[in-house]
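Colleague: Before I rely on the terms used for this model, I would like to hear what stands behind them. Could you take me through the reasoning?

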Amino acid sequence: MMNNIQDDYKDKIASSLEVMVNCFERMDLTAEQIMDQISDMPRTLRNKILVTASLSGKKELAEKIGTANEMIKLKNIEKFKESVVNDTHSQFLSNMTWNDKALLLMDMGLFSAILPRDLELSEEEQKYRDIVKKSMDKDIEKMGLNQDIGIAHHVQGRDDFGIKTGSQYILRKIGRA
């Protein structure tokens, strides 16, 4: 029974993504217009839209969506830095998922999944990292988790995170959007 519900849910999401991709194609949107349409969505959803367009053979549209995603990424970095200057970073980060905050750290080069302790950050970069990490820690508290969660890696649209217990990491998947 539960599998049927999950399968039905997955089918509805896939169908919704296809409808969105078809609308973008019919409307002949530019990358900038697509950016306006998807900029408030979590990155995992934006990536699923990109994959749907690619798998549907809509190469030109997929390129526009990819460009829109890149523009959103750069805009988010810029907006975050601005929010730190304006001391509105709490509000800015409150509108992001935990996953998107983790990706912001990676996008800004403030986290290395391979050798996180070997990163040499400037004082400003460390400030940015600390602000985002503090916000992520608050999210974890809200979820009722008391473990220190660290990012293990982000590969091919899967979000794999490690939960630190003592001195070892146990890999675990945390919700897929």
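Modeller: A residue is called buried when its relative accessible area is under 20%. This is a predicted model, and by that cut-off the buried residues of helix α7 are Tyr128, Arg129, Ile131, Val132, Ser135, Met136, Asp139 and Ile140.

Colleague: How do you know that the span of helix α7 agrees with its 20 residues?

Modeller: At 1.5 Å a residue, residues 123-142 should span 28 Å, and because the end C-alpha atoms of α7 are 29 Å apart, the two values agree. Just after α7, Gly144 takes a positive phi of about 80°.

Colleague: How many aromatic pairs are there, and what makes Phe80 and Phe92 a tilted one?

Modeller: The count comes to two aromatic pairs. The ring centres of Phe80 and Phe92 are 6.1 Å apart, which falls within the 6.5 Å limit, and their planes stand at 40°, neither under 30 nor over 60 degrees, so the pair is tilted. Since Phe80 lies in helix α4 and Phe92 in helix α5, the pair ties together parts that are twelve residues apart in sequence.

Colleague: Why is the pair of Phe80 and Tyr128 called edge-to-face?

Modeller: Phe80 and Tyr128 are 5.6 Å apart, centre to centre, with 65° between the planes, and an angle over 60 degrees counts as edge-to-face. Phe80 belongs to helix α4 and Tyr128 to helix α7, so this pair ties together parts that are 48 residues apart in sequence. Both Phe80 and Tyr128 are buried.

Colleague: What links Phe80, Phe92 and Tyr128 into a cluster?

Modeller: Ring pairs link these residues, Phe80, Phe92 and Tyr128, into a cluster.

Conventions
Residues numbered from 1 in each chain as written. Predicted model: local features only at pLDDT ≥ 70, side-chain atom pairs only at ≥ 80, totals over all residues. Heavy atoms only, no water. Helix = DSSP H or I, 4+ residues; strand = E, 2+ residues; numbered from the N terminus. Expected span 1.5 Å × (residues − 1). Buried < 20%, exposed > 50% of the residue type's maximum accessible area, 1.4 Å probe, protein only. Phe/Tyr/Trp six-rings, centres within 6.5 Å; stacked < 30°, edge-to-face > 60°.
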